[in-house]
Amino acid sequence: MEKDKASPKRNDTEKLTKQVSFSDEIIEIPIPVVDQIEQSSADITNEWKASKKRIEPAAAKNAEPSSKPGEKVQEEKEATPSTEEKVAQSLDSLNAIDIMWKKFQNDFDKAIGGLVGSIGKSMGSPQLVIEDPESVNEQDRLEVLNGNPTLEQISMGLKSGRYKNVVVMTGAGMSTAAGIPDFRSPDKGLYTTLKKSYPELNRPEDIFDLSYYKETPEPFCKLCRELDLCGVGNANYKPTKAHYLSLLLAKKKILRRTYTQNIDGLDLVTGLPQELLVEAHGGGRSASCVECGEAQDVEQVRKVINEKGIPRCAKCSGICKPDITFFGEELPKRFAELKEDDFCECDLLIVMGTSLQVVPFCHLVADVGRLIPRLVINLSEIRDELFLFKHEKNYRDVFEKSTCDAGVQRLVDLCGWKSSFAKLTKSNVEKSPRLKRKKKTKK
Ligand code: CNA
């Protein structure tokens, strides 16, 4: 498949929400315009560097490396670009400047709009560039999923080896079948139940709010205990069938990366190699002091929490917590470091069990190329503006309205991977390090 040249398109809105982390809606947190502008200029500098890099290797490519020292002068002469090449390079540079300037204007507009957005929070304004399928050439559109965006078409691509860089994005709906509640499901979601079980919270989100935690750590510590969020693995819950899709794709060497918003540690319990996972909202495998930042012994923190205590820093006595990203905290560096390349290279995007309400995570779906198919498996419908499901010219988005487990099973069956998948899920049951450790201590 020809790579989409016009994209991936960077989603400028992401910058507006950089500081939003384990959170609900971005617009709940007002971000000063000045931050936006600073961020924009930093991005422009990066974009400038990147475009320079894009131009430089192209010029360097023309210079064949010489094996003989005497040929150095000759080689340099050959490497000197011709007039046409110089003109082409200048045009490239002008193009890059033009793109950057437009990007700056866009960012600036959005920075201003960000404030308006925060005021108009209840309107839930999406701040996304709405995709227009007609801006993609019809022939190109047809080639994406043969003009028939269905699970069958995606499975045919998987089966035939067409996709080699699959990116998976997941959310709390992945783990509800394991017994861990999500946030927004109407009856069982934490946003509903937290009100009852933690009456001391002013609002459910407080439980993941850093400043609230510093004052009142007990509710989070209790939740941490109940869901076993601190420490390696998860002793109380097992991965669901859907969690194993990433492992299956990894075994087939076509998983580029899985990006999860989840903090329950279940992805790695499947045996998925750590380097293939990005925990976008952090996780409980490490812990640190919220005051001085000192890394802590996570098992010690877990022990204290399980004994109903409040973990304290060995160095400064400040309060500690697992490295789950709270409101008011930056997302893990790994997220920023990997997402650019991963979403550029992605040739199939699979999104599962998420309402895609949390920014910047949800905007990643717009970071894959325009000719890249996107499959969403979710129980409830997802924000229309993120996908083309309801567009008459939808050529690339497939919505499988089902549980993650059922959707994954259907996909795997269509691919003809039923037995290898079954083996994987069976043989990996109880692979959790914590489960093993628990067994050992019982003996
Ligand atoms: P969310 O906003 O609660 O959305 C969950 C989505 O999953 C909803 O659209 C549901 O309809 C859907 N859903 C629920 N059960 C299933 C199922 N069995 N199969 C398919 N779909 C289902 O949660 P998001 O993940 O979108 O929001 C991101 C937040 C939630 C992140 O910050 C997470 O860290 C946070 N969270 C994580 C966990 C966890 O780690 N397991 C639990 C609760 C919340």
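A molecule is said to sit in a pocket if more than half of its atoms lie within 2 Å of the pocket's grid points. The legends below describe views of a predicted model.

**View 1. The second largest pocket of the predicted model holds the ligand.** The space in this pocket comes to about 700 Å³. Its lining is made up of 40 residues, and those closest to the centre of the pocket are Ala-172, Gly-173, Asp-182, Phe-183 and Gly-353. At least two lining residues come from helix H8 (218-227), and at least two from helix H13 (404-415). By class, the lining of the second largest pocket has 18 nonpolar residues, 18 polar residues and four charged residues.

**View 2. A shell of 29 residues surrounds the ligand.** Arg-184, Gln-261, Thr-354, Ser-355 and Ser-380 come nearest to the ligand. Polar residues number 15 in this shell, alongside eleven nonpolar and three charged ones.

**View 3. Polar atoms of Gly-173, Ser-355 and Asn-378 approach the ligand.** At Gly-173, a polar backbone atom is 3.4 Å from a nitrogen atom of the ligand. At Ser-355, an N or O atom of the side chain is 2.6 Å from an oxygen atom of the ligand. The side chain of Asn-378 also has an N or O atom at 2.9 Å from a ligand oxygen atom. The protein buries 96% of the 860 Å² that the ligand exposes when taken alone.

**View 4. The peptide bond between Val-359 and Pro-360 is cis.** Its omega angle is about 5 degrees. Pro-360 is placed in the loop that runs between strand E7 (348-352) and strand E8 (374-378). For comparison, most peptide bonds are trans.

**View 5. Asp-228 has a positive phi.** The phi value of Asp-228 is near 50 degrees, and this residue is not a glycine. Most residues other than glycine have a negative phi. Asp-228 is found in the loop between H8 and helix H9 (244-251). Helix H8 (218-227) also appears in View 1, where at least two of its residues belong to the lining of the second largest pocket.

Methods:
Residues are numbered from 1 along each chain as its sequence is written. This is a predicted model: local features need pLDDT of at least 70, side-chain atom pairs count only at pLDDT 80 or more; totals for chains, interfaces and linings use all residues. Side-chain values use heavy atoms; hydrogens and water are left out. On a 1 Å grid over the protein atoms alone, a cavity is a set of points where a 1.4 Å probe fits but cannot get out, and a pocket is an open set with protein on both sides within 12 Å along at least five of seven lines; lining residues have an atom within 4 Å of a point. Grid points are joined across faces, edges and corners, and a volume is the space filled by probe spheres set on the points. Helices (H or I, at least four residues) and strands (E, at least two) are DSSP runs, numbered from the N terminus. Ala, Val, Leu, Ile, Met, Phe, Trp, Tyr, Cys and Pro count as nonpolar, Asp, Glu, Lys and Arg as charged, and the others, Gly among them, as polar. A residue is near a molecule or strand if one of its heavy atoms lies within 4 Å of it. A polar contact is a pair of N or O atoms within 3.5 Å; within protein, one must be able to donate a hydrogen and the other to accept it, and residues adjacent in sequence count only if both atoms are side-chain atoms. Accessible areas come from the Shrake-Rupley method with a 1.4 Å probe; for residues, only the protein chains shown count as cover.
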